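The following exercises are to be worked with the sequence and the coordinates at hand. Each task is followed by a solution in steps.

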Amino acid sequence: IAVPIAIHEHPAGELKSSTWEQFVVRIGELLAETLAFIHRRGLVHLDLKPSNILITPDGLPILLDLDIACQPIPSGITDWPWIGGTTEYMSPEQREAVEAIKADRPVPGAVDGRSDLFTLGLVLFDALGGETDAEGRADFARFRKECPEVSPGLLSILEKCLDPNPWRRYPDGQSLADDLQRHAKNQPLEGVKVPFSERWKKWRRRRPWDLPVAVISAGFLI
């Protein structure tokens, strides 16, 4: 089955002038596309974590441990050939499924590709310097105070990924990758809402000469 794969320019040139946030966004975009490819094949990774991601010298991420990928886990089952993962990077539904199967109870909710998107969101949050609270949840309130330089748009994307309810996350990896690409290009985001100040800054970056030209034009008309 032919599966379309996005073609990207070689990243080495971009890395020389990139900020850390821009680098994290690019890594996230490429990993989200990798997950989209896996999910279209009817598989989920379920053990995405920093130690399973290698970064090549030219800045490309390589996702490891695909040999343990499995089919999505349906709700209601009490047995499954393999389920595991790394506890601190599990989505809420994956953690509940592991506990249910160990206790021989029905899995309360399906574990599908959206679980991998939760984990990717947590990995990116970690990469930006974010920390989890006492209950293992991403502490966005603290992060905003300690790292105000990280853009609200990117944090909105990560908050959507890390929503405890999988139905409120991005529906698939490609949707997440597309929003990360839009963010990198200072374009409006489609999957989340961001403050007007963020939209204004992005508009100014996309069209830096529009406002000065408009002001000069208005001056001539007065």
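**Exercise 1. The largest nonpolar core**

Which residues of the largest nonpolar core touch the most other members?

Solution. The model is a predicted one. Step one: the largest nonpolar core holds 38 residues, and Leu 120 and Leu 176 are those that touch the most other members. Step two: two or more residues of this core come from each of helix H2 (20–40), helix H4 (113–127), helix H5 (140–146), H6 and H7. Among these elements, H2 gives the most, with eight residues. Step three: once neighbours within four places in sequence are set aside, the contacts of Leu 176 are Ala 32, Leu 117, Leu 120, Ile 157, Cys 161 and Tyr 170. Step four: there is also a second, separate core of 13 residues, including Leu 46, Ile 77, Ile 83 and Val 98.

**Exercise 2. Helix H6 and its partner**

Determine how far helix H6 is enclosed, and describe its packing with helix H7.

Solution. Step one: in H6 (residues 152–161), seven of the 10 residues are buried, so the rest of the structure largely encloses this helix. The buried positions are Gly 153, Leu 154, Leu 155, Ser 156, Ile 157, Leu 158 and Cys 161. Step two: a pair of packed helices is described by the angle and the distance between the axes. For H6 and helix H7 (residues 173–184), the angle is about 170° and the axes lie 10 Å apart. Step three: since angles over 145 degrees count as roughly antiparallel, H6 is roughly antiparallel to H7. Step four: H6 contributes Gly 153, Leu 154, Ile 157 and Cys 161 to the contact, while H7 contributes Leu 176, Asp 179, Leu 180 and His 183. Sorted by class, the contact comprises five nonpolar, two polar and one charged residues.

**Exercise 3. The buried side of helix H3**

Establish how the buried residues of helix H3 are arranged around its axis.

Solution. Step one: the buried residues of H3 (residues 92–102) are Glu 93, Gln 94, Ala 97, Val 98, Ala 100 and Ile 101. Step two: viewed down the axis of H3, these residues fall within an arc of 165°, and therefore they line one face of the helix. Step three: H4 is included in what covers them. Step four: after H3 comes Asp 104, with a positive phi near 60°.

**Exercise 4. The chain as a whole**

How many helices and strands does the chain have?

Solution. Step one: the chain has nine helices and two strands. Step two: along the sequence, these follow the pattern α-α-β-β-α-α-α-α-α-α-α. Step three: of the 222 residues in the chain, 43% are buried.

Note on methods
Residues are numbered from 1 along each chain as its sequence is written. This is a predicted model: local features need pLDDT of at least 70, side-chain atom pairs count only at pLDDT 80 or more; totals for chains, interfaces and linings use all residues. Side-chain values use heavy atoms; hydrogens and water are left out. Buried means under 20% relative accessible area, exposed over 50%, partly exposed in between (1.4 Å probe, protein chains only). Helices (H or I, at least four residues) and strands (E, at least two) are DSSP runs, numbered from the N terminus. Axes are lines fitted to C-alpha atoms, for helices over the stretch in contact, and angles run from 0 to 180 degrees between N-to-C directions. Angles under 35 degrees count as roughly parallel, over 145 as roughly antiparallel, 65 to 115 as roughly perpendicular and the rest as oblique. Contact means heavy atoms within 4.5 Å. Ala, Val, Leu, Ile, Met, Phe, Trp, Tyr, Cys and Pro count as nonpolar, Asp, Glu, Lys and Arg as charged, and the others, Gly among them, as polar. A nonpolar core is a set of buried Ala, Val, Leu, Ile, Met, Phe, Trp, Tyr and Cys residues joined through side-chain atoms within 4.5 Å. The arc is that of the directions from the helix axis to the C-beta atoms.
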